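Biologist: I'm new to this one and would love a friendly tour. Could you bring it up on the screen so we can talk it through?

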Amino acid sequence: MANAEKLSVTARAEKGKGAARRARRDGKVPAVLYGHGSEPQHLYLPAREFAAILRAHGANALIDLDIEGTSQLALTKQVDVHPIRSFIQHADLLIVRRGEKVTVEVPIVVEGDAAAGTLVVQDATTIEVEADALEIPENITVSVEDLEAGTIVHASGVQLPEGVTLVSDPELPVVSVTEAQRVAAEDEGEEAEGEAAEASEAE
């Protein structure tokens, strides 16, 4: 069973960009909690503690929110990060209940060494699965140990933890193994074509 990290948060009445900027200056992340037909709740999360939870548990972090004395289990649904300064701008949290199934995207981790003379290409960084809200895997491992060139691992061939079911298209390519020499030759061919095109334009 996943451990829900505890986080004390506060309700927020102010909305709009100005209020959000002031909150971030004060070390708070504006967030919205929704789900199960309830009215969305607008919250402030402590930025440093929330970021630490995401670093420790990934994008699908399970959080036990303490909303001014009221406990609520929630799943991190979306986190918006500033593209340049990398601070958390906003978060969406989904209300979950124990025993409830949720659909989430889980990161793929490739491990192992394919056969000699091959190159491993990761075609998908995540796959979508359904899992118990308290049993969401932080990542799913795909082994390429000793796989030969020409091998493609599709989503249907990924070994999922017990109780986790696939939602992504079963034919989704996740990892492919190709001949390293062929890939190098293709790159050289593309480079030569590019140089020939540049020379033609210069004439």
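Biologist: Among contacts between residues at least 6 apart in sequence, what percentage join residues at least 24 apart?

Modeller: Happy to start there, and please keep in mind that this is a predicted model. The protein has 203 residues, with a secondary structure of 3 helices and 13 strands. Of the contacts between residues at least 6 apart in sequence, the share joining residues at least 24 apart is 64%.

Biologist: Which strands form the closed barrel, and in what order?

Modeller: The barrel is made of 6 strands with mixed pairing. Within it, strand S2 (residues 28–35) and strand S3 (residues 38–46) pair in the antiparallel sense over 7 bridges. The full order around the barrel is S1-S3-S2-S6-S5-S4.

Biologist: What is the bridge partner of alanine 31 in S3?

Modeller: Residues 28–35 make up S2, so alanine 31 belongs to that strand. Its partner sits in S3, which covers residues 38–46. That partner is leucine 43.

Biologist: Which strands does helix H1 touch?

Modeller: Helix H1 spans residues 17–25 and packs on the sheet. Its direction makes about 120° with that of S2. The strands touched by H1 are S2, S3 and S6.

Biologist: Is glutamate 179 buried, partly exposed or exposed?

Modeller: Glutamate 179 lies in strand S13. Leaving aside neighbours within four places in sequence, glutamate 179 is in contact with Gly117, Thr118 and Ala149. Its relative accessible area is 38%, and because buried means under 20% and exposed over 50%, glutamate 179 is partly exposed.

Key:
Residues numbered from 1 in each chain as written. Predicted model: local features only at pLDDT ≥ 70, side-chain atom pairs only at ≥ 80, totals over all residues. Heavy atoms only, no water. Helix = DSSP H or I, 4+ residues; strand = E, 2+ residues; numbered from the N terminus. Buried < 20%, exposed > 50% of the residue type's maximum accessible area, 1.4 Å probe, protein only. Contact = heavy atoms within 4.5 Å. Pairing = 2+ DSSP bridges. Axes fitted to C-alpha atoms, helices over the stretch in contact; angles between N-to-C directions.
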